[in-house]
Amino acid sequence: ILVRQADVIVADELVDRSISDLAPAGCKFIEMGKRGGKADSVPQEDINTVLVAECKKGHRVARLKGGDPLVFGRVWPEIEALNAAGCQYDVIPGVTSALSAPAAVGIPITHKELSRHFVVVSCHKPDELDFADLSKIDTIVILMGTRTLPIITSRLQEAGLTPSLPVAIIQWAGRPEQRVFVGTLDTIVKQTQGETLSPAIVVIGKVAALAKV
């Protein structure tokens, strides 16, 4: 409904472009992709500026993000910019890929015997994480971790996790191009060597072995 009423759509890189087919005639579609590690990502300040500028023109703006905007969605700087400019807005909750991707391939993030607790982390900067603490959690769900996968698997084994602990990688979850890789802490890096994995969710824990490949 929001897209069909929008004057302007400002879309993140991972938003399916076919959604523009739902927009009314004359709606302006602005691509403002921002992904960690990509040199051509749009600076956050530029995104904030566009949102405020379109608001000041009196336009109804739909800012589209993948998953839940408040879970690693970089939405807070945009909210601050809109607040500072006196722009009215609503935040529409979504379903984070940290939950939807495992569900898409049959992985139960919680399980009575196999996963009594789970954690969701970003591994864009693994040196900022405490792997000793992570190793105590039954299931670890990782976003932005495919580029640092060798570091992640090595650090978790150093922290005491068994090399045979299952690992699942779900790429493009829920889309026609979805791919699933299942291995273990000591095999998954070799299994995916040479593959372009991003965007993907990594699930580490006994429940990862339940993925439907």
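## Salt-bridge exercises

Lys65 counts as buried, with 16% relative accessibility (buried means under 20% relative accessible area, exposed over 50%, partly exposed in between; 1.4 Å probe, protein chains only). Keep in mind that this is a predicted model: local features need pLDDT of at least 70, side-chain atom pairs count only at pLDDT 80 or more, and totals for chains, interfaces and linings use all residues. Numbering runs from 1 along each chain as its sequence is written, and side-chain values use heavy atoms, leaving out hydrogens and water.

**Exercise 1.** Find the salt bridge between Lys65 and Glu78 and place both partners in the chain.

*Solution.*
- Step 1: the two side chains meet at 3.2 Å, N to O, and a salt bridge is a side-chain nitrogen of Lys or Arg within 4 Å of a carboxyl oxygen of Asp or Glu.
- Step 2: Glu78 sits in helix α3 (residues 76–85), while Lys65 is in the loop between β3 (61–64) and α3, so they're 13 residues apart. Helices (H or I, at least four residues) and strands (E, at least two) are DSSP runs, numbered from the N terminus.
- Step 3: Glu78 is buried too, at 2%.

**Exercise 2.** Work out whether Asp127 is buried or exposed, then do its partner Arg155.

*Solution.*
- Step 1: the closest N and O atoms of Asp127 and Arg155 are 2.9 Å apart, a salt bridge.
- Step 2: Asp127 is in the loop between β4 (118–122) and α5 (131–134), and Arg155 is in helix α6 (residues 149–158), 28 residues apart.
- Step 3: Asp127 has 61% relative accessible area, so it's exposed; Arg155, at 29%, is partly exposed.
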